Amino acid sequence: MKPSTTHKIIFLLAALFLLSNSDTWAEALASEHAPAADQSAPITTQADDEELNDAETNQVLANSLHSMFQEKESPLLHIRWGTKIYVDMPVGNEPTGASPILRKAELKLSRAFGKNFQAKLSANYNDGEMKAGDSYLVYSGWNKAILTAGVQDPPFSLESSTTSSATTFMENALPVAALSENKNTGLDFLRRTSRSIFNASWVFYNPRVQGVSETGQAFVARYVYSPIDFRGRKNFHLGGSFSYRFLDTGAEVQFQTKPEVATADVNYIDTGNIDNGKEVMRVGLEASQIRGRLSWQWEIINAQVTRDNGPKLGFWGAYFHLSQFLTKDARNYDQGSGTFINVVPNSPLGSGGHGAFELAFRASYADLTDKDVIGGKQGNLSLGLNWYLNEKIRLMANAIKVLDVDRPGSEYDGLDPMIYALRAQWLIY
């Protein structure tokens, strides 16, 4: 199957599901603005089709804040701490040179300052190098809104905004990895109403990524309408993202992605350095739904680069994924932020249970070729199996079929490998 047909598969599957007719400080904030919550219950719940009242709106936002700071608190200094560790193991030698890696090791520290302020510092060992993690100051003194300042992921794309410990597959889909915004430094404002979430950031510093930096300032925004009733069906999430970046004079821009696995440092599609960039505009659309054990998720992303001495460039991609739990469990949707957070098994291993099992399918496509830039086109079909032993430990297995890389002049042109990988994920807090 050629990648030129991959996007048709994605849109067809998405259309079939859309048209189908088959059936602490955060706790203080919650107590101030909403009725007391059952502390033994999960910190978030799946959305229903009724509008949230003011108390419920504040409660889901407080729950969302709580999910940002799940570290374990030390009794003397009142500093919370936590870590996460991902170890990836290839099965076979694809991509060429694949080997076991420490995919991610993160240390997080956080502390509350009064009722309305919380600070967080984190550092990651990621892809073989140390990087700044989420490090920010949060102000939560407003009704139904929070302000965050520091290093964080800009609000662009559902999958990119979802914490890595809660994504269904080991790596983000091709278009998300290639075209979404990277972690940046700036100010972020989030407001939750009874039906919608508005999240906007002003980005003023961009760390270098693999030698390329989209220097300059950017405005990034994401709007989510959730929960809604669509064609008589409940729990729909619909949203869109927008990013407009003013690049510094002579800035370099680059779009690239690994083949949805991190066990080898290869990018089958890669634009290389695009010189004399002036502006970068990104637009994304997203939709998802949870229907008991079944859930689906879909996104399409477009990026356009304006250059000082060349025609405008356009790149795009899309993905669709379907998830089915084999046990009496479901993905955990955070109504406060419009993202997904960690699955909490109903019957964890070690407590008389067997954990939660999830089977997933994904189709993804990215096109990084336009005019004089031959970055390549790639489509993937993936299967994933996740075993959630408890809320902190997950074992993952991914099988990825690359549908023929179309990148003339590259050593990767024409490749269509079958890739297998395993991951052990451990959250400590």
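Arginine 282 is buried, with a relative accessible area of 1%; buried here means under 20% relative accessible area, exposed over 50% and partly exposed in between, with a 1.4 Å probe and protein chains only. The model is a predicted one, in which local features need pLDDT of at least 70 and side-chain atom pairs count only at pLDDT 80 or more, while totals for chains, interfaces and linings use all residues. Residues are numbered from 1 along each chain as its sequence is written, and side-chain values use heavy atoms, with hydrogens and water left out.

The side chain of arginine 282 meets that of glutamate 181 in a salt bridge (3.2 Å, N to O), a salt bridge being a side-chain nitrogen of Lys or Arg within 4 Å of a carboxyl oxygen of Asp or Glu. Glutamate 181 lies in the loop between α5 and β8 (184–192) and arginine 282 in strand β14 (residues 274–291), so the pair ties together parts that are 101 residues apart in sequence. Helices (H or I, at least four residues) and strands (E, at least two) are DSSP runs, numbered from the N terminus. Glutamate 181 is buried too, with a relative accessible area of 5%. Strand β14 also holds glutamate 286, which is linked to arginine 222 in strand β10, 64 residues apart. The N to O distance of this salt bridge is 2.7 Å, and both glutamate 286 and arginine 222 are buried.

By the same rule, the count comes to 14 salt bridges. One of them joins arginine 103 to glutamate 171, with the closest N and O atoms 2.7 Å apart. Arginine 103 is in strand β3 and glutamate 171 in the loop between α4 (158–161) and α5 (174–179), so this pair ties together parts that are 68 residues apart in sequence. Arginine 103 is buried at a relative accessible area of 13%, and glutamate 171 is buried at 14%. Both residues belong to a network of salt bridges that links Asp88, Arg103, Glu171 and Arg423.

Turning to the rings, the structure holds 13 aromatic pairs. Rings of Phe, Tyr and Trp (its six-membered ring) pair if their centres lie within 6.5 Å; planes under 30 degrees apart count as stacked, over 60 as edge-to-face and the rest as tilted. Tyrosine 268 and tyrosine 412 form a tilted pair, 5.3 Å centre to centre and with 45 degrees between the planes. Tyrosine 268 sits in the loop between β12 (256–257) and β13 (269–270), and tyrosine 412 in the loop between β21 (393–402) and β22 (418–428), so the pair ties together parts that are 144 residues apart in sequence. Both tyrosine 268 and tyrosine 412 are buried. Another tilted pair consists of tryptophan 316 and tyrosine 365, at 5.4 Å centre to centre and 55 degrees between the planes. Here tryptophan 316 comes from strand β16 (residues 313–325) and tyrosine 365 from strand β19 (residues 356–370), so parts 49 residues apart in sequence are tied together. Tyrosine 365 is buried, with a relative accessible area of 4%. Ring pairs also link Phe117, Tyr139, Trp142 and Phe189 into a cluster.

Strand β19, home of tyrosine 365, pairs with strand β20 (residues 373–388) in the antiparallel sense over 14 bridges; two strands pair if DSSP finds at least two bridges between them. Threonine 369 stands opposite isoleucine 374 in β20. The two strands form a hairpin with 2 residues between them, and lysine 371 in the turn has a positive phi of about 55 degrees. On to the next hairpin: β20 and β21 are joined with 4 residues between them, and they pair in the antiparallel sense over 9 bridges. In this pairing, glycine 384 stands opposite asparagine 398 in β21.

Most residues other than glycine have a negative phi, and most peptide bonds are trans. Besides lysine 371, aspartate 404 has a positive phi, of about 70 degrees, although it is not a glycine. Aspartate 404 is found in the loop between β21 and β22 and counts as buried at 17% relative accessibility. The peptide bond from glutamate 94 to proline 95 is cis, with omega near -5 degrees, and proline 95 has its place in the loop between β2 (80–90) and β3 (101–113).
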